[in-house]
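Visitor: I have a structure open and I'd like to learn how to read it feature by feature. Can we walk through it together?

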Amino acid sequence: MHDVRHTIGAMLDTAMRKRSHPFDVADWQASAVIIAPHPDDETLGCGGVASKKLSSGADVRFIFVTDGSASHANRVDREALRIAREDEAIEAVRRLGGSADRVRFLRVPDGMAKHHIGKIAEAIAELLFVWQPQSVFVTHTKEPPADHVATNLGARGALQLYGRRVTVFEYPVWYWYQWPWVRLHDRVPGLSRVVLRQTIRTLAGLRGLTLFNSNAYVGDVVDVKRHALAAHRSQMERPAGLDDWPILADVGGGDLLNRLLSDHEMFTRYELNART
């Protein structure tokens, strides 16, 4: 059954790539703002694109919406975790080829973004007016986590306020948390219901055949992406003596990470404010 699941997932991946358009030269060279709900989403969802853009000299900026303080809130002080995750985010951006002065933290309380959508929109719009990017990357509208949904809504609101032409690339992270890319039963407590719900919502991945219209080959920078992801140590490593500390490799028995570290990053691409 394991081999069948992986085979179906690989077939769907191939079909999605064939039905979508690869990045062209202009896409790689365009300046970009990457908006992440939490520190690590920037690398998981579009770290390969960020790395290749930065190495080619494109201007890439990063906005982290929530403070990430709830990921292990029952195991460590929230303020200490916030500080750690901001440091990790800056290091990840450095490993992708960026620098700390290209990073902004909105510090919305982790898990509470849905209550601050207006504030998120205004804060992002203010930065867009300063940076004037040609493209914006944000988590996908079909993402299950509430903070991801709120970040997408906040970004859309910001782009309306901004009003200038921009190409939007919505990137999936937890969208892939569904069969066949991960098993239906997850050993992580509370997540089996999420994977089942997501599998039903997307018709076991079939909706991705029409959902994603853009893809970027990042196979040549997967090691860079992996190195940047390792900078998010609170999400990737168990501290000494804390064997119950959850890490990303636990999710789906590691299958979610494997999918996110594949040779292609997928996007839903569209133009906004094209008439201006």
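Visitor: Let's start with strand pairing. Which residue in strand 3 is the bridge partner of Ile-34?

Guide: The general idea goes like this: strands of a sheet pair through backbone hydrogen bonds, and the pairing is either parallel or antiparallel. In this predicted model, Ile-34 has Phe-62 as its bridge partner in strand 3. That bridge belongs to the pairing of strand 2 (residues 32-36) with strand 3 (residues 60-66), which is parallel and has 5 bridges.

Visitor: And what packs on the sheet, touching strand 2 and strand 3?

Guide: Helix 6 (residues 146-162) does, and it also touches strand 5 (135-139), strand 6 (166-171) and strand 8 (264-272). Look at the directions too: helix 6 makes an angle of about 155 degrees with strand 5.

Visitor: In what order do the strands sit in the sheet?

Guide: Read across the open sheet and you get 1-7-8-6-5-2-3-4, with 8 strands in mixed pairing. Strand 1 (21-22) and strand 4 (103-108) are at the edges with a single partner strand each, so one side of each has no neighbour in the sheet.

Visitor: Mixed pairing, okay. Which strands run antiparallel to strand 6 or strand 7?

Guide: Strand 8 answers both. Strand 6 and strand 8 are antiparallel and joined by 5 bridges, and in that pairing Val-168 is opposite Tyr-270 of strand 8. Strand 7 (residues 214-217) also runs antiparallel to strand 8, with 4 bridges; there, Asn-215 is opposite Met-266 of strand 8.

Visitor: Next up, aromatic rings. How many aromatic pairs are there, and how do I read one?

Guide: A pair of aromatic rings is described by the distance of the centres and the angle of the planes. Here the count is 13 aromatic pairs. Take Phe-137 and Phe-169: their centres are 4.7 Å apart and their planes differ by 10 degrees, which makes the pair stacked. Phe-137 is in strand 5 and Phe-169 in strand 6, so this pair ties together parts that are 32 residues apart in sequence.

Visitor: Now the pockets. How much space lies in the largest pocket, and which residues are closest to its centre?

Guide: With a pocket, ask for the volume, then the lining, then where the lining comes from. The largest pocket holds about 860 Å³. Its lining has 30 residues, and the closest to the centre are Ser-71, Trp-174, Leu-191, Gln-235 and Val-251. Helix 3 (41-55) and helix 6 are the elements that give two or more residues to this lining, and helix 6 gives the most, with 3 residues. So we meet the helix that packs on the sheet again. By class, the lining has 14 nonpolar, 7 polar and 9 charged residues.

Visitor: What is the volume of the second largest pocket, and which element gives the most to its lining?

Guide: This pocket has a volume of about 160 Å³. Helix 1 (2-19) gives the most to the lining, with 5 residues, and helix 11 (255-260) also supplies at least two. Among the lining residues are Arg-5, His-6, Asp-13, Pro-180, Trp-181 and Arg-259. The classes come out as 3 nonpolar, 4 polar and 4 charged.

Visitor: Pro-180 caught my eye. Which kind of peptide bond joins Trp-179 and Pro-180?

Guide: A cis one, with omega at about 15 degrees. To place it, look in the loop between strand 6 and helix 7 (192-201), where Pro-180 lies.

Visitor: What about backbone phi? Which residue has a positive phi although it is not a glycine?

Guide: Asp-40, with phi at about 120 degrees. You'll find Asp-40 in the loop between strand 2 and helix 3.

Visitor: Last one: how many cavities of 30 Å³ or more turn up, and what lines the largest cavity?

Guide: The search of the whole structure finds 1 cavity of 30 Å³ or more. The largest cavity has about 60 Å³ of space. Residues lining it include Leu-44, Trp-176, Lys-225, Arg-259 and Met-266. Arg-259 is also on the list for the second largest pocket, and Met-266 is the residue opposite Asn-215 in the sheet. Strand 8 gives the most to the cavity lining, with 3 residues, and the lining divides into 5 nonpolar, 3 polar and 3 charged.

Note on methods: Residues numbered from 1 in each chain as written. Predicted model: local features only at pLDDT ≥ 70, side-chain atom pairs only at ≥ 80, totals over all residues. Heavy atoms only, no water. Pairing = 2+ DSSP bridges. Contact = heavy atoms within 4.5 Å. Axes fitted to C-alpha atoms, helices over the stretch in contact; angles between N-to-C directions. 1 Å grid on protein atoms, 1.4 Å probe; cavity = no way out; pocket = protein on both sides within 12 Å on 5 of 7 lines; lining within 4 Å. Points joined across faces, edges and corners; volume = space filled by probe spheres on them. Nonpolar A, V, L, I, M, F, W, Y, C, P; charged D, E, K, R; others polar. Phe/Tyr/Trp six-rings, centres within 6.5 Å; stacked < 30°, edge-to-face > 60°.
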